[in-house]
Amino acid sequence: MPSKLLDALLLAMPLSPTLESWRQHLKTQLPYPVQGAQTLFIGEPTLAIVSFQHDRAEVLLPAMEWRHHDIHTAKPRSQGGVDEQSGSLAQLLALVDETMALRLKSFHECGSCGKRCAPELLGSLQGEPVCRDCIKGRRVLF
Ligand SMILES: [Zn+2]
């Protein structure tokens, strides 16, 4: 029961009112879908990850490590954190913005339909990046 486990963890280590208000802001005020509880996954596909710890919020860049041409594992990279004592929500939002911009830069254009996709959603066809939709739909000209 992952959700019960998560609830238990949240009860065991409640966030401070400051961090909780930052978390609520991210959950409700961003123009992106946000999933998660103590760790928030912002965007679909995920553009930035915010992990709430007992006195700080850490922002991570979603990054993938390729193990095989079609298999990847998530290896998020820390972009820094904001302490609740010395930091502010504005700093956290700026860091989230920066991280999302960095993530969007890693997106590539599909060689077939031109849509910009997360690298992990692109396959390769004759050395050209092509999105999953195009590969699946075989809308690719050979
Ligand atoms: Zn495409």
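This is a guided tour of the structure above, going from the whole chain to the zinc site, the cores and a few local details of the backbone.

**The whole chain**

Begin with everything displayed, and keep in mind throughout that this is a predicted model. Colouring the protein chain by secondary structure should bring out 4 helices and 11 strands. If you then colour by accessibility, 32% of the 142 residues of the protein chain count as buried. With a surface drawn, the accessible area of the protein chain comes to about 8,800 Å², and 56% of this belongs to carbon and sulfur atoms. Among the contacts in the protein chain with a separation of 6 or more, 38% are made by residues 24 or more positions apart.

**The zinc site**

Next, select the zinc ion together with C110, C113, C131 and C134, whose SG atoms are its protein donors and lie 2.3 to 2.4 Å from it. The angles among the 4 donor atoms run from 104 to 116 degrees, and the site is tetrahedral. Read along the chain, the donors follow the spacing C-x2-C-x17-C-x2-C. Two of these cysteines, C113 and C134, link distant parts of the chain: C113 sits in the loop between β8 (108-109) and β9 (116-117), whereas C134 belongs to helix α4 (residues 132-137), 21 residues away.

How do these two cysteines stand with respect to the surface, buried or exposed? C113 has a relative accessible area of 38% and is therefore classed as partly exposed, while C134, at 0% relative accessibility, counts as buried. With so many cysteines in view, it is reasonable to look for sulfur-sulfur bonds too, but a search of the whole structure finds 0 disulfides.

**The nonpolar cores**

Now hide the zinc site and select L26, I42, V50, F52, L92 and V96, which are the residues with the most contacts inside the largest nonpolar core, a set of 21 residues. The elements that give two or more residues to this core are α2 (17-29), β2 (39-42), β3 (48-52), β4 (56-61) and α3. Of these, α3 gives the most, with 4 residues. Centring the view on V96 shows contacts with L26, I42, A48, V50 and V59, once its neighbours within four places in sequence are left aside.

A second core, separate from the one just visited, has 6 residues, including C117, L122, V130 and C134. With C134, this selection takes you back to a donor of the zinc ion.

**R103 and the cis peptide bond**

Move on to R103, a residue of helix α3 (residues 89-105). Is this arginine buried or exposed? R103 counts as buried, because its relative accessibility of 3% is under the cut-off of 20%. Displaying its surroundings, and not counting residues up to four places away in sequence, you will find that R103 touches P45, T46, L47, L61, P62, A118, P119 and E120.

From that list, select P45, which lies in the loop between β2 and β3. Which kind of peptide bond joins P45 to E44? The bond is cis, with omega at about 0 degrees. For context, most peptide bonds are trans.

**Two exposed loops**

Turn next to the loop between β10 (122-125) and β11 (128-131), where G127 is placed. G127 is exposed, with a relative accessible area of 69%. Its C-alpha lies 9.8 Å from that of G111, a residue 16 positions away in sequence. Q126 is found in this loop between β10 and β11 as well, and Q126 is likewise exposed, with a relative accessible area of 72%. On checking the backbone torsions, note that Q126 has a positive phi of about 50 degrees although it is not a glycine. Most residues other than glycine have a negative phi.

Finish at Q85, in the loop between β7 (77-83) and α3. Q85 is exposed, with a relative accessible area of 72%. To end the tour, draw a distance from the C-alpha of Q85 to that of D55: the two residues are 30 positions apart along the chain, and these atoms are separated by 7.7 Å.

Note on methods
Residues are numbered from 1 along each chain as its sequence is written. This is a predicted model: local features need pLDDT of at least 70, side-chain atom pairs count only at pLDDT 80 or more; totals for chains, interfaces and linings use all residues. Side-chain values use heavy atoms; hydrogens and water are left out. A disulfide is a pair of cysteine sulfur atoms within 2.5 Å. Buried means under 20% relative accessible area, exposed over 50%, partly exposed in between (1.4 Å probe, protein chains only). Donors are N, O and S atoms within 2.8 Å of the metal (3.2 Å for Na, K and Ca); water is not among the atoms, so sites may look incomplete. Four donors count as tetrahedral if all angles lie between 85 and 135 degrees; four count as square planar and six as octahedral if opposite donors are over 155 degrees apart and all others between 65 and 115; anything else is irregular. Contact means heavy atoms within 4.5 Å. A nonpolar core is a set of buried Ala, Val, Leu, Ile, Met, Phe, Trp, Tyr and Cys residues joined through side-chain atoms within 4.5 Å. Accessible areas come from the Shrake-Rupley method with a 1.4 Å probe; for residues, only the protein chains shown count as cover.
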